[in-house]
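Me: I'd like to talk through some helix packing with you. Here's the model.

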Amino acid sequence: MKEIEIMPESNFLDALVDELQPVRPALPWARAITIWTLASSLFVAAALLWSGPLRVGFVSDLSSLRLLGELGLGAATSLAVIAAAFEIGVPGAPSMARLLGPAAFLGASWLGLTLLGDALPGPTHSMLGKRAHCFSESLAVSLPPAGIALVLLRRRLMWAHGAAGSLVGAAAASMAALGMQLACMYEPEHALRFHFSPILLVAVAGAAAGHFFMARD
């Protein structure tokens, strides 16, 4: 009977080590948020300025309590959504309710103030500064920030790829909608139809990208 050759323990361990491949650790949560926020803000601002001038009179509009509130809530919403996106699907993450609760509250407040905030002093509703293609511009401007977020997510996720993709899409489109409040005409119904609706579309596209194209290790 042929004897089975047994590899010495030291050689066996050395062989295992030789087959290991180095793995880059994921960016810390706070650093990923900071990188995304800075890069996306700069891109959205540059893209909107490149595509056309900001609304005439936006500087004086910034002195109104209503517009300042809308901008503050919009920025907080985008930040809360991307913060949830970078935590969902990560081992040891908080519950879904804790992750999404702040984003849902801030988003609802932002939408509510935009549509129902006439009691507060704000810019006059008018067609002044209307961009002919603000809807398509909002979609186009949202895609690169969503792509940046998906790249940052790749090494963080273990599950919930579709949910994370949806959130990064919503965060990116929220940032574009925020910019359009200064770049395009100021009118709540117009904002709802052409500035806020891309949030849903890009969220759906992000969910598809996260589900079908993000690697599962």
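Me: At roughly what angle do the axes of helix 6 and helix 7 cross?

Reply: Keep in mind that this is a predicted model. Helix 6 covers residues 134-153, and its axis comes within 8 Å of the axis of helix 7. The crossing is right-handed, and its angle is roughly 140 degrees.

Me: Are helix 6 and helix 7 roughly antiparallel or oblique to each other?

Reply: Only angles over 145 degrees count as roughly antiparallel. The two axes cross at roughly 140 degrees. The pair is therefore oblique.

Me: How many charged residues are there in the contact of helix 6 with helix 7?

Reply: On the helix 6 side, the residues include Glu137, Val141, Pro145 and Leu153. They meet helix 7 residues, among them Ala164, Val168, Ala172 and Met180. By class, the contact has 13 nonpolar and 4 polar residues, and the charged count is 1.

Me: OK, now helix 7 and helix 8: how are they oriented to each other?

Reply: Helix 7 (residues 161-183) packs on helix 8 (residues 188-213) with the axes 6 Å apart. The angle is about 150 degrees, and the cut-off here is over 145. That's why the two helices are described as roughly antiparallel.

Me: And what is the handedness of the crossing where helix 7 passes helix 8?

Reply: In the contact, helix 7 brings residues including Gly162, Gly165, Gly169 and Ala173, which meet helix 8 residues such as Pro198, Val202, Gly206 and Gly210. By class there are 9 nonpolar, 10 polar and no charged residues in that contact. As for the crossing of helix 7 past helix 8, it is right-handed.

Technical notes
Residues are numbered from 1 along each chain as its sequence is written. This is a predicted model: local features need pLDDT of at least 70, side-chain atom pairs count only at pLDDT 80 or more; totals for chains, interfaces and linings use all residues. Side-chain values use heavy atoms; hydrogens and water are left out. Axes are lines fitted to C-alpha atoms, for helices over the stretch in contact, and angles run from 0 to 180 degrees between N-to-C directions. Helices (H or I, at least four residues) and strands (E, at least two) are DSSP runs, numbered from the N terminus. Angles under 35 degrees count as roughly parallel, over 145 as roughly antiparallel, 65 to 115 as roughly perpendicular and the rest as oblique. A crossing is left-handed if the near helix is turned anticlockwise from the far one by less than a right angle, and right-handed if clockwise. Contact means heavy atoms within 4.5 Å. Ala, Val, Leu, Ile, Met, Phe, Trp, Tyr, Cys and Pro count as nonpolar, Asp, Glu, Lys and Arg as charged, and the others, Gly among them, as polar.
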